[in-house]
Number of protein chains: 2
Amino acid sequence: MTKKEELLQAAQNRVREGGYNNFSFRELAKEVGIKSASVHYHFPTKADLGAELAKQYTNNFILALGDVKTLHNAGNNPIAVFVAQFKQALHHDQKMCLCGLLGAEADILPQPVRTEIKRFFSQNLAWLEQAYLYHEPTNKLQAKQSAIKTISLLEGAMMISIASQDNSIFDSAIAGLADH
Amino acid sequence: MTKKEELLQAAQNRVREGGYNNFSFRELAKEVGIKSASVHYHFPTKADLGAELAKQYTNNFILALGDVKTLHNAGNNPIAVFVAQFKQALHHDQKMCLCGLLGAEADILPQPVRTEIKRFFSQNLAWLEQAYLYHEPTNKLQAKQSAIKTISLLEGAMMISIASQDNSIFDSAIAGLADH
DNA sequence: CCAACACTGCCTATCAGTAGATAGTTTAAT
DNA sequence: ATTAAACTATCTACTGATAGGCAGTGTTGG
């Protein structure tokens, strides 16, 4: 892993714990073993780092989901796949969704970061909408609404589980979500 | 409104926009027209201010909901009341739920603040559980799960609406929630 | 083949601004 | 005379950012 990648990874952990203001160039530098001035070589400003962080997070997230049509044709329920990916993010890392936390504080984000956060949700909603269209008989409007309900439930459940330090809240929230 | 109340109000606005790290004693002092050192007279430390902020927010929130039994007996659907209060928080202030945002960054909060955030959710879940028990034929376990699903959906929908700068997302998410 | 050059990735040193917090003082009301 | 609520002045620590240096790694023209 390059220093640049290490910096992004360190930043991701900190942002997922405490938001955009919870990391500094000095802390990241210390963690990866370089000086804070050198971080500016890789990312000219903090906003640049934040924007690239959100961009890569979104891209990796969508990539890991896979293709809706492919999943469906292989006999997998894409909605279950989506839910499982959120569950993994919580149970494995014990941290918030990066874009969930940043989304909540969107008002104070530099615009390039905010743009990437918006993209995360528009892309995930589009993915989920397709998932509902493939998986159950419905129309576009209904599928859109189901997509919104599903991702809202997941982000909210994640948040409350972390606030309450109780992952069983998340499990209760998603019970029966991807059945039938 | 006393200076202390003004400080709490100013802090609330800032926290609901960008989390715990998004306010400083200097900014609050400037906004209410005193010096930053004077803020320490009212709140010895930042953690004290944060804890009192979360405490009052929770108390006011529960108080505004009213009594489940009273609502039910007056022919009102308590679940609809709960949903309406979240909708109001979003549409009126165009800001996140204070405890929602703070809950997401619970890992970095001073313990007294974190304790208050936990209380917000345990109290709201208890209120909602009662609401479901009163409003529809169910058992305690089902009511608990419904409570978790409902508050998760509301907090998540709020978050995504703010991230996307689109309140219609919230409205879609709650469509049909408090019917029948 | 090799000297000149440029690029990469880091460094030191430093800046102005802001953070939370403290000690001690003034002002005004009780 | 006491107390509440503000003040001035100051501290140490940290913030993002900049200027400029330096070693290593090509890369290229004579």
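This report describes how two protein copies relate to each other and how they meet a DNA strand.

The model is predicted, so local features need pLDDT of at least 70 and side-chain atom pairs count only at pLDDT 80 or more, while totals for chains, interfaces and linings use all residues. Residues are numbered from 1 along each chain as its sequence is written, chains are lettered from A and ligands numbered from 1 in the order in which they are written, and side-chain values use heavy atoms, with hydrogens and water left out.

A turn of 180 degrees with a shift of 0.0 Å along the axis lays chain A on chain B with an RMSD of 0.0 Å, the copies being superposed by least squares on the C-alpha atoms of residues with pLDDT of at least 70 in both. The two copies are thus related as by a two-fold rotation axis.

Around DNA strand D there are 15 residues, the closest being R26(A), K3(B), K35(B), Y41(B) and H42(B); a residue is near a strand if one of its heavy atoms lies within 4 Å of it. Of the atoms of DNA strand D within 4 Å of the protein, 58% belong to sugar or phosphate and the rest to bases.

The table gives polar contacts, that is, pairs of N or O atoms within 3.5 Å; within protein, one must be able to donate a hydrogen and the other to accept it, and residues adjacent in sequence count only if both atoms are side-chain atoms.

| Protein atom | Distance to a phosphate oxygen of DNA strand D |
|---|---|
| F25(A), polar backbone atom | 3.0 Å |
| K35(B), polar backbone atom | 2.5 Å |
| S38(B), polar side-chain atom | 2.8 Å |
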